[in-house]
Amino acid sequence: MAFQFPSYYSMPPFFTIQPVLNTRKKQLQIWVEMILGFSQANKKFEYDITESSKSPLFCNAKINRKMSPEGIRMIFEEAVLLGNGEWTDKDKNRITIYWRRPEEWGELIYRWVNQCGKLNTVLTVYEIQEGDDSEGQEFHGLETRVLLKALNALESQEEPLLQKDFGPLHYRWSQLFCL
């Protein structure tokens, strides 16, 4: 699916962090929504502030406007506050964006495992992520960091749906209940 930038992407003020608190809050939320849509359309999870400042996401060549690195950091901070992002370094220069939260990815994966009759079997991360059986699934090709978080979310539930088996990258699926 190709991402279509919304009409406000062509408005110069959109690329300047607004000084009025209520306006800025709404602006940041709109930016996060746009980033989530862009990320999903491009299956992109990882962003670096320096690299992002050159990306079409934050740089609109048609109107000769771009978001400053400080503005990008504020937008990513908002994504973290909303639960749609997680900093991956202590200096807050790199972020993982979640257009689906890890728990949601885990539910999708568990449903697939159940539908494919793979409950009570052992699957590797590779089989889930790149295997022939998962081809065509939304999580096929899912970034490893996000996939492991999704699996950990399933593992840490009150009644775990899977358990690590035979090492850290092999999982045994349990049939405790169906999501």
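Axes are lines fitted to C-alpha atoms, for helices over the stretch in contact, and angles between N-to-C directions run from 0 to 180 degrees. The model treated in these exercises is predicted.

**Exercise 1. Helix packing**

Determine how helix H1 (residues 21–42) is oriented against helix H3 (residues 69–81), and describe their contact.

Solution.
1. The axes of H1 and H3 come within 9 Å and cross at roughly 80°.
2. Angles of 65 to 115 degrees count as roughly perpendicular, so H1 is roughly perpendicular to H3.
3. On the H1 side, the contact is made by Arg24, Lys25, Leu28, Gln29, Trp31, Val32 and Ile35. Their partners in H3 are Met74, Ile75, Phe76, Glu78 and Ala79.
4. Sorted by type, the residues of this contact comprise eight nonpolar, one polar and three charged.

**Exercise 2. The sheet**

Work out the strand order of the sheet and identify its edge strands.

Solution.
1. The open sheet has three strands, ordered E1-E5-E4, with antiparallel pairing.
2. Strand E1 (46–48) and strand E4 (85–87) each pair on one side only, which makes them the edge strands.
3. From one strand to the next, the twist averages 25°.
4. E1 and strand E5 (residues 94–97) run antiparallel and are joined by three bridges.
5. Tyrosine 47 lies opposite isoleucine 95 in E5.

**Exercise 3. Cysteines**

Count the disulfides and classify cysteine 59 and cysteine 116 by accessibility.

Solution.
1. A disulfide requires two cysteine sulfur atoms within 2.5 Å; the count by this rule is zero.
2. Partly exposed lies between the cut-offs of 20% and 50%.
3. Cysteine 59 has 27% relative accessibility, so cysteine 59 counts as partly exposed.
4. Cysteine 116, at 36% relative accessibility, also counts as partly exposed.

Key
Residues are numbered from 1 along each chain as its sequence is written. This is a predicted model: local features need pLDDT of at least 70, side-chain atom pairs count only at pLDDT 80 or more; totals for chains, interfaces and linings use all residues. Side-chain values use heavy atoms; hydrogens and water are left out. Two strands pair if DSSP finds at least two bridges between them. Helices (H or I, at least four residues) and strands (E, at least two) are DSSP runs, numbered from the N terminus. Angles under 35 degrees count as roughly parallel, over 145 as roughly antiparallel, 65 to 115 as roughly perpendicular and the rest as oblique. Contact means heavy atoms within 4.5 Å. Ala, Val, Leu, Ile, Met, Phe, Trp, Tyr, Cys and Pro count as nonpolar, Asp, Glu, Lys and Arg as charged, and the others, Gly among them, as polar. Buried means under 20% relative accessible area, exposed over 50%, partly exposed in between (1.4 Å probe, protein chains only).
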